[in-house]
Amino acid sequence: MTKLEEIELAVEQLSPEELQRFRAWFDELQARLFEDRVQRDIQSGKLDWLADEALAEHRAGTTKKLR
């Protein structure tokens, strides 16, 4: 049995309360991993094109003011 299969089996055996706690923990983990990835992409310059595009649109007058 693989580690993943063991985890799946364990999760299936959780009580509703434990499953809710697990889901909250997993959601937080995913959010943290996503934030870490975004920060690495920012630091490496992978997202510079987004800022460049936004600034060009603003200079061209094609943006709208946020409320």
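The 29 residues of helix 2 should span 42 Å at 1.5 Å a residue, and the end C-alpha atoms of this helix are 42 Å apart, in agreement with that expectation; the expected span is 1.5 Å times one less than the number of residues in the helix, and helices are DSSP runs (H or I, at least four residues) numbered from the N terminus. The structure is a predicted model, in which local features need pLDDT of at least 70 and side-chain atom pairs count only at pLDDT 80 or more, whereas totals for chains, interfaces and linings use all residues. Residues are numbered from 1 along each chain as its sequence is written, and side-chain values use heavy atoms, with hydrogens and water left out.

Just after helix 2, Gly-45 adopts a positive phi of about 90°. Helix 3, which covers residues 48-59, has 12 residues and reaches 17 Å from its first C-alpha to its last, close to the 16 Å expected at 1.5 Å a residue. Helix 3 is followed by Gly-61, for which phi is again positive, near 80°.

Charge pairing was examined next. Side chains of opposite charge can pair when their charged atoms come close. A search of the whole structure finds two salt bridges, a salt bridge being a side-chain nitrogen of Lys or Arg within 4 Å of a carboxyl oxygen of Asp or Glu. In one of them, Arg-37 is paired with Asp-41, with the closest N and O atoms 3.5 Å apart. Arg-37 and Asp-41 are four residues apart in helix 2 (residues 16-44), and therefore are separated by about one helical turn. An α-helix has 3.6 residues a turn, so residues three or four places apart point the same way. Asp-41 also forms a salt bridge with Lys-46, where the closest N and O atoms are 4.0 Å apart, and Arg-37, Asp-41 and Lys-46 are thereby linked in a network of salt bridges. Within this network, Asp-41 is buried, with a relative accessible area of 15%, while Arg-37 is partly exposed at 45% and Lys-46 is exposed at 51%; buried means under 20% relative accessible area, exposed over 50%, and partly exposed in between (1.4 Å probe, protein chains only).

Two surface patches were also considered, patches being made of residues with over 30% relative accessible area and no salt bridge, with like charges joined within 9 Å and nonpolar side chains (Val, Leu, Ile, Met, Phe, Trp, Tyr) within 5 Å. Glu-5, Glu-6, Glu-8 and Glu-12 form a negative patch on the surface. Of these residues, Glu-8 lies in helix 1 (residues 3-12) and is partly exposed, with a relative accessible area of 42%. The place of a charge is taken as NZ of Lys, CZ of Arg, CG of Asp or CD of Glu; Lys and Arg count as positive and Asp and Glu as negative, whereas His and the chain ends are not counted.

A nonpolar surface patch is formed by Phe-22, Trp-25 and Phe-26, which together have about 280 Å² of accessible area, as given by the Shrake-Rupley method with a 1.4 Å probe, where for residues only the protein chains shown count as cover. Phe-22 lies in helix 2 and counts as partly exposed at 30% relative accessibility; Trp-25 is likewise found in helix 2 and counts as partly exposed at 46%. The C-alpha atoms of Trp-25 and Asp-48, 23 residues apart along the chain, are separated by 32 Å. Arg-21, also in helix 2, is exposed, with a relative accessible area of 67%.

Key
Helices (H or I, at least four residues) and strands (E, at least two) are DSSP runs, numbered from the N terminus.
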